[in-house]
Structures are given as structure tokens and as C-alpha cells.
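This report concerns one molecular structure and is written for a reader who is new to the subject. Please keep the sequence and the structure in view while reading.

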2 protein chains.
Amino acid sequence: MSSPALNLVTITDPDDERVADYVRLRDVSLRRSLEAEHGLFIAEGEKVIRRALEGGYPPRSFLLAPRWIESLADALAEHPDVPIYVVSEAMAEEITGFHVHRGALASLHRGTGRVMADLLGLQRLVVCEDIVDHTNVGAILRSAAGMGWDGCLLAPRAADPLYRRSIKVSMGAVFSLPWARVDSWADAVPTLQEAGFLTLAMALSDDSRPLPDVAQELSPDRKVAILLGTEGDGLSRRWIEQADIVVRIPMGHGIDSLNVAAASAVACYALGPAGRMADPSGPAAAGA
Amino acid sequence: MSSPALNLVTITDPDDERVADYVRLRDVSLRRSLEAEHGLFIAEGEKVIRRALEGGYPPRSFLLAPRWIESLADALAEHPDVPIYVVSEAMAEEITGFHVHRGALASLHRGTGRVMADLLGLQRLVVCEDIVDHTNVGAILRSAAGMGWDGCLLAPRAADPLYRRSIKVSMGAVFSLPWARVDSWADAVPTLQEAGFLTLAMALSDDSRPLPDVAQELSPDRKVAILLGTEGDGLSRRWIEQADIVVRIPMGHGIDSLNVAAASAVACYALGPAGRMADPSGPAAAGA
């Protein structure tokens, strides 16, 4: 069997226009505008690149140290027209501005074209309001996917799930879990309700109900959307007032709240399939 | 009423020996050896300083921009002999090597003198094996305290809960939740079992049991210790084999595992008081 010819291009000048997608990866504000303008995002490391391609994101180009061409050969062969920029590790560092630990980068087109309406037929959604921290958004996607939730919606101000840090922390969940931006911050909650979702605002207001009680009463086939707010101020008053139920995780030891990523994991567990017994008639655990 | 005189010392030279506790706070390896050698740790920000003092840690000194002297006056007055180094924000930056956002630092003695034996009379413990990431240790302490667990044990290689980053992420839980190092990595699990704890290893081995099943069977007054391993490799084989039950959080969407801090939050919720219904006979939630 012969492999198709790959589109290999050796790069020897860090200012080469062809690798402009990869410049200064640690410069957050530059990257924001550059990635938005060109509708691209960067995947880092063999595993993440594979998951992005499997998730249906079309590649614009690859930037690889030579040793990665073989490891990724099967994936690269599926995109024979896409340029593969071959660089030394020193050149990769000159272009990106830092030591690329995993030696492999890809630039991919954003847009799977998913919008809010595409997710409204699902059963269980996590909805991030203004969570601006990429680490938190990545962690929430990872937990939601891991606990068998079906998708994630993000308010307009929430951090970009395709930012390099979000992708990394999500362990690739951003490519396997369907997600979209809400159409409008003001109408997001009513839109979910019209689509049949029970909307649960995670917040500490006085009229909130304890999570275990809400979980216990929830029928497994009910459509549910969990609303999560920023670490600092929590959910907006509007979303709390619009939500069907305000839910709190009971707290002790003088601690006010959990980190939003931990709260999200707990809520996804308690309200989703992961928290239900596998075998309600099973034997008692030894010593329990 | 007159306030006692405070021991105010204005610092004008960043190399002044008296502020040696505060140098180069971002230099992890320097800080590790400096803090170990002198048995000190640094608290940053008014809230954290207050919680550290309330937690019984004796202060060595304070390093404050002038505006913080008044805000902290009551706390400072309780330690009249402890020097308060007064610095401009620029001087604070020269000493510490970064912009001190919260303008207030304290250096405190470590050692509350707590050892493993002091925690064995408690009901619910989280046990960190080789979790070397300060963010994860801080997050685990915050979740454990928040969910009403009683204490935390750490294996010898686990990250320092009193490192600046751990303290910050823990939101001060490191000062309110009792914690100690285990006496010996090899004997930690048997020691817990002899003290009456049911030891639960969080891991994905083939013979693991789903968390909801274990939670369901657990009597509320059973002494429980959750064993947590590193993000990468998880728990050691030894601890897994020694544990009474191996427990897994059911996973979906091709995701292998949760981040250890999220897994810890979920386990503390499911196996502790936070996950029990407040009112089992309460009214059904609207629409649930």
C-alpha cells in the first residue's frame, strides 16, 4: 500500500506569512483578535489534534516537528491538500513564543455551525452565563461530558471553549460534547423553558432549595438545564428570577461556595445519569 | 478607648534583611527551601490573613501598604509585638517580585502541631496521596470543607497546603479544616482501617463499584476516608489493594475521568452530609 503524498513545507523563517496562524500563542489579546478575524483555533498535541479532526473541525494547516509526521500519518493522509509546515523545535519556539512541549500544532476552522436551536432537542444541558475563565469553561465541559450530559450552552460573554487553555483543560470534551452560544442573553432562559427544559439556577439565594432534595424529586426523563454563573458574582438577577428553581449545594465549615467547576461537577452528578444507582437491588458493599 | 501602639517599621530598602520572609514570592524553588528552613508561610490579602490568624497560626510579621493598617487594626492590635513593615506598593513589588494586588501580606509560623493521630477520631476524611499540584490540593480542601467533611490527610509527597497558591485556591479552608501529613505512606491505609474507617479508593480499576451504589449503602454514621491519587497515574497499586472498596464515578462521552478536584467534590457530596436530603418528606419541586 502506498500513502498519498503529503503537502510538506519546510519553514526556515519564523516570519513566514504561511505560519501566521501560529504566532505568539501566549499573547491572549493578540490571539483573541487573530483567531476571531480568521475564524480559526489552535489544537496542541497529537491527542487533541486527533480529537479535533474527529469532531469534524476542518484543518487549515499543521505545524509539526519532523518526528510527529509519522505518528500522525493516518490523520494527515485524510487531508492531503492541507499544508504541513515542518519545523525544528527551536523554530516552533521562535514562531509561537514558547516551548511547544508536545511538538505538534494544528490550526483549524472554528464553526461547526451549531446554534442554540440545535441543542434544544437534547435532554440535559449545562448553561454557562458569564464564566470568563478559560480553565473553568474547560473544566465544566469535561465534567459535563464525563457525567453523561448532552450539551453545553454559553452566554455571549462566557469564555471561548476553543481557546487553547479551554481545550487543554477540557481534555478534548470540547470536540465531543455539542455546544453553542445562546442567541440572546435576555431570552435564553425562556427559550429553554419553551423547549421543555426545567431550568435550575445554581445560586445561594435565601429561597434556594438543597440540591439533594431537587435531585430526589427529578424524574430521569425530565429535560433539565443547569444555569451556572461567574465565580465572583454568580448568576445575574435576571436568570435567577427567570429560572424554575433556585438550587444550592449545602455548605459547611464557614465556606461560602464551591469553585464553579466543582459546583458544576457536583450538580451534573446529582442531577444526571452518573448519580443514579447502577443496580438498586445489588449486594451491600463490604463493611458499608 | 486607646489602641495599643503598633510596632510599625517603614521599609525603604528592598534588600532590608527584616523583610527577607517576603522575597521573590513567585520563585517556587526558592520559596520551598526558604519556607521550609524558617518554618513559615505567606498569607496574602486581608481576608486570608484574618482567617490564618483565626486558625491559630502565630504571625512572624506583616508587610502592608499604609491603607491596610486601618482595615486590619483590630487583628494587628492582638499581636502588638509583631513587626508591621510598612511599604509603598512599588516597594512591595520590588521585594516580592510581582504586583501585590491585595496590598497586604503576612508571614506566619507553620506548625499547628497536628499529626495524623489527631484526625483519627473524626468521622469523614479526605486523603490525598501524591497530588503534587497546589491548585488541586487547594481545591480539594475547599470542597471537603464546604461539603461538611471533617479533615484532610496528605501523603508525604502531596503538595503543601500552606503554599501561597494552595491557600488562595482553598479560599482559606486550609485554616478552618484540620489537616495533617500521614505518618507513613506504606501504613496509612491500615492505620485508617484500625481506627475504624471504611477506606474508599477512587479509581477506575475493573473491579471498582459505581459511586451511587456505594453512597446508597453507606450508613450516615460510618467513619469514611476517601483516597485520592494523582491526576496522571491515579492512586498507587498499594493503596488500591489495601482499600476496602474501589469506587468509580460513572463516565460517558468517551471521557476517561474527571479532574481530581472535581472527582473529590463529587465524592464528598455523594458520600457526605451535603448529599443527603434536607427534608425527605418535603413537597415536590415545581415541574420536577
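The text below treats annotated domains, helix packing and aromatic pairs in turn.

The structure is a predicted model, in which local features need pLDDT of at least 70 and side-chain atom pairs count only at pLDDT 80 or more, while totals for chains, interfaces and linings use all residues. Residues are numbered from 1 along each chain as its sequence is written, chains are lettered from A and ligands numbered from 1 in the order in which they are written, and side-chain values use heavy atoms, with hydrogens and water left out.

**Annotated domains**

Two UniProt annotations, both from an unreviewed entry, are listed for chain A in the table. UniProt positions are given in the numbering used here, feature names are shortened, and annotations may be inferred rather than shown by experiment. Helices (H or I, at least four residues) and strands (E, at least two) are DSSP runs, numbered from the N terminus.

| UniProt domain | Residues of chain A | Helix | Strand | Distance between end C-alpha atoms |
|---|---|---|---|---|
| MRM3-like substrate binding | 37-97 | 48% | 23% | 20 Å |
| tRNA/rRNA methyltransferase SpoU type | 125-269 | 37% | 19% | 13 Å |

**Helix packing**

Two packed helices are described by the angle between their axes and the distance between the axes. Axes are lines fitted to C-alpha atoms, for helices over the stretch in contact, and angles run from 0 to 180 degrees between N-to-C directions. In chain A, helix α7 (residues 134-146) and helix α13 (residues 260-271) have axes that come within 9 Å and cross at roughly 15°. The helices α7(A) and α13(A) are therefore roughly parallel (angles under 35 degrees). The crossing of α7(A) past α13(A) is right-handed, meaning that the near helix is turned clockwise from the far one by less than a right angle.

Contact means heavy atoms within 4.5 Å. On α7(A), the residues in contact are A:Asn136, A:Ala139, A:Ile140, A:Ser143 and A:Ala144; on α13(A), they are A:Val260, A:Ala261, A:Ser264, A:Ala265 and A:Cys268. This contact comprises seven nonpolar, three polar and no charged residues. Here Ala, Val, Leu, Ile, Met, Phe, Trp, Tyr, Cys and Pro count as nonpolar, Asp, Glu, Lys and Arg as charged, and the others, Gly among them, as polar.

In chain B, α7 (residues 134-146) and α13 (residues 260-271) pack at about 15°, with axes 9 Å apart.

**Aromatic pairs**

Over all chains, six aromatic pairs are found (ring centres of Phe, Tyr or Trp, its six-membered ring, within 6.5 Å). One of them joins A:Tyr57 and A:Phe175, with 5.5 Å centre to centre and 70° between the planes, and is edge-to-face (planes over 60 degrees apart). A:Tyr57 lies in the loop between α2 (46-54) and β3 (59-64) and A:Phe175 in helix α9 (residues 173-176) of chain A, so the pair ties together parts that are 118 residues apart in sequence.

Terms used:
Parallel < 35°, antiparallel > 145°, perpendicular 65-115°, else oblique. Phe/Tyr/Trp six-rings, centres within 6.5 Å; stacked < 30°, edge-to-face > 60°.
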